[in-house]
Amino acid sequence: MKILKLILILLAPVLLFSACEDPIDIDVKDGKPALVVEGWLTDRPENHYVKLYTTKAVGSSNDFEPVRNATLILSDDAGHTEQLKEVSAGKYEISAIRGVEARTYTLRIQTAEGSYEAVSKMPRLSMAPDSLSFKYEEKSIIYEQEGYYPYIHGQELPGEDDFIQVKLFKNNRYLNSVDDINIFPDKFVDGNYIDMGLEIDSAFAAGDTIRAEVWSLTENAYYFWADLQTQLRNGGIFASPLTNTRTNVKKLTENSKDVIGYFGISLVGTVEKKIE
């Protein structure tokens, strides 16, 4: 997942410099190791997973080291509790608990180097999608590629401060480049029927089957994705300095290793269509 590749860059204080003629060697400090949490819980009837990693020094052969033998306890405010099972190195399975709207979920993590906690309340799905459509565009100043571009349609519920992410899949392959990230607040569309164009990295072609998943987001999760999108697009000689993306995982003890990443919760709505 590209989130994890980015996080390593965010943790190390790296100075980037370019020269027109001569290469310059720069002494880069290793940076302080940190725990990385990567996981999401939804209402879909399938198992979910939380991955734990530890960042390593810049230049090492492996960017991350899986965290094994940790204790992860997931609970909700309806009285359900589950201890996650480690199914492979650093990968812990949620097999019993599912996401339910308005419930509050707490994930507690205990590793050899610290204790951590993430708490989130399941947000409602403010726009349940009802259809997809596509518009063919010729190559132009606006469209770098000729082909089909997607639009998603659905009713947005009244009441502000809702946030969603639209994830796209082409022929069952998740599109996860920076230009495929689609996140939206309802600030300017509250309560309206939505006909919304989606950003994509590459135009679609006739015969492609496209699936769109609309994920509800908390405000904090929305800004996590916004931070990530900004950092992935950050570049060039006048780029702003890199900073950590925000996280909802906190240390429970002062001497715990620093933590980054995210444990999120979402309701999911899906539509699918083949381009004819």
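1. In this predicted model, T106 touches I73, L74, S75, E117, A118 and V119, once its neighbours within four places in sequence are left aside. The residue belongs to strand β8, which spans residues 104–111. T106 has a relative accessibility of 12% and therefore counts as buried, the cut-off for that class being under 20%.

2. L74, one of the contacts of T106, has a longer list of its own. Leaving aside its neighbours within four places in sequence, L74 is in contact with L41, H80, T81, E82, L84, I94, I97, Y105, T106, L107 and F263.

3. L74 and F263 appear again in the largest nonpolar core, which has 45 residues. Both are listed among the residues with the most contacts inside that core, together with V50, L52, L72 and I152. Another core, of 14 residues, lies apart from it; F224, L228, Y262 and V268 are among its members.

4. Three strands form an open sheet in the order β10-β11-β15, and their pairing is antiparallel. Strands β10 (127–137) and β15 (193–197) stand at the edges; each has a single partner strand, so one side of each lacks a neighbour in the sheet. On average, and with direction ignored, neighbouring strands here are turned by 25° against each other.

5. Within this sheet, the pairing of β10 with β11 (residues 147–156) can be described further. Ten bridges join these two strands, which run antiparallel. One bridge partner can be named: M127 is matched with E156 in β11.

Definitions and conventions. Residues are numbered from 1 along each chain as its sequence is written. This is a predicted model: local features need pLDDT of at least 70, side-chain atom pairs count only at pLDDT 80 or more; totals for chains, interfaces and linings use all residues. Side-chain values use heavy atoms; hydrogens and water are left out. Two strands pair if DSSP finds at least two bridges between them. Helices (H or I, at least four residues) and strands (E, at least two) are DSSP runs, numbered from the N terminus. Axes are lines fitted to C-alpha atoms, for helices over the stretch in contact, and angles run from 0 to 180 degrees between N-to-C directions. A nonpolar core is a set of buried Ala, Val, Leu, Ile, Met, Phe, Trp, Tyr and Cys residues joined through side-chain atoms within 4.5 Å. Buried means under 20% relative accessible area, exposed over 50%, partly exposed in between (1.4 Å probe, protein chains only). Contact means heavy atoms within 4.5 Å.
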